[in-house]
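Here is a short tour for anyone opening this structure for the first time. Keep the 3D view handy and follow along.

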Amino acid sequence: MKNKSHTTAFYLETLLMIIVFVSIIVMLTGILGIARVQSVQARELNDAVCLAENAAEAVSASESAEDLASLLGGSVEDGEAVAWYDRSRKPVSGTEENRFYQVRVSWEPAGELVSSSIRVFGEKELYSLDTAVYVR
């Protein structure tokens, strides 16, 4: 009898350790999955900020919306300079399938001051920036 109760206790302890071990593995897998999603979101936001920064530099170097579009490697649509970029932030034409980011820059002259709104889109709007530049 005494031997049987030791065996039962051993199996119960082993079963409990397996349950704890599996639950820890499930919890760590969930944490790593959440970290992966946040990493992708952070990368997309970082890319959007870099593209907006580059577009702001292009706005300050431009004299017109057409000049801005050529600096961005895009075209003018509805009074906005529009450019497409792939996941590595390299410009691509609007007809290619590997386009991922879209940068839209408005060009709103008011005398010698030009206001611009820079918006970066992925699957949704990722980042926006308002800027202005003095144009001679």
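## The largest pocket

Start with the residues that line the largest pocket: Gln-41, Glu-44, Leu-45, Arg-87, Phe-100, Glu-123, Lys-124, Glu-125 and Leu-126. Two elements, helix H1 (2–60) and strand S7 (125–134), each give two or more residues to that lining. H1 has the largest share, with three residues. Bear in mind that you're looking at a predicted model, not an experimental one.

How much space lies in this pocket? About 230 Å³. As for the character of its lining, five residues are charged, three are nonpolar and one is polar.

## Strands side by side

Next, find strand S6, residues 113–121. S6 runs antiparallel to strand S4 (residues 101–106), and four bridges join the two. To see one of these pairings, pick Val-105 and look across to its bridge partner in S6, Ile-118.

S6 also pairs with strand S5 (residues 108–110), again in the antiparallel sense, through three bridges. Here Pro-109 stands opposite Val-114 of S6. S5 and S6 make a hairpin with two residues between them, and Gly-111 in the turn has a positive phi of about 75°.

Then there's S7, which pairs with S6 over nine bridges, also antiparallel. Look for Ser-116 with Thr-131 of S7 opposite. The link from S6 to S7 is a hairpin too, this time through three residues. While you're looking at strands, here's a handy rule: in a regular strand, side chains alternate between the two faces of the sheet.

## A serine tucked away in a loop

Now jump to Ser-62, in the loop between H1 and helix H2 (65–72). Is Ser-62 buried or exposed? Its relative accessibility is 2%, and buried means under 20%, so Ser-62 counts as buried.

What does Ser-62 touch? Setting aside its neighbours within four places in sequence, Ser-62 is in contact with Asp-67, Leu-68, Leu-71, Trp-107 and Val-135. The Ser-62 side chain also reaches the backbone oxygen of Ala-58, at 2.5 Å.

## A glutamate out in the open

For a contrast, go to Glu-97, in the loop between strand S3 (91–92) and S4. At 84% relative accessibility, Glu-97 is over the 50% mark, so it counts as exposed.

Try drawing a line from Glu-97 to Tyr-134: they are 37 residues apart in sequence, and their C-alpha atoms are 37 Å apart in space.

## Two loops with a positive phi

Most residues other than glycine have a negative phi. Which way does Asp-78 go, positive or negative? Positive: its phi is near 55°. Asp-78 is found in the loop between strand S1 (75–77) and strand S2 (80–85). With 77% relative accessibility, Asp-78 is exposed.

Arg-89 is another residue other than glycine with a positive phi, near 65°. You'll find Arg-89 in the loop between S2 and S3. Its relative accessibility is 33%, and partly exposed covers values between 20% and 50%, so Arg-89 counts as partly exposed.

How values were computed
Residues are numbered from 1 along each chain as its sequence is written. This is a predicted model: local features need pLDDT of at least 70, side-chain atom pairs count only at pLDDT 80 or more; totals for chains, interfaces and linings use all residues. Side-chain values use heavy atoms; hydrogens and water are left out. On a 1 Å grid over the protein atoms alone, a cavity is a set of points where a 1.4 Å probe fits but cannot get out, and a pocket is an open set with protein on both sides within 12 Å along at least five of seven lines; lining residues have an atom within 4 Å of a point. Grid points are joined across faces, edges and corners, and a volume is the space filled by probe spheres set on the points. Ala, Val, Leu, Ile, Met, Phe, Trp, Tyr, Cys and Pro count as nonpolar, Asp, Glu, Lys and Arg as charged, and the others, Gly among them, as polar. Two strands pair if DSSP finds at least two bridges between them. Buried means under 20% relative accessible area, exposed over 50%, partly exposed in between (1.4 Å probe, protein chains only). A polar contact is a pair of N or O atoms within 3.5 Å; within protein, one must be able to donate a hydrogen and the other to accept it, and residues adjacent in sequence count only if both atoms are side-chain atoms. Contact means heavy atoms within 4.5 Å.
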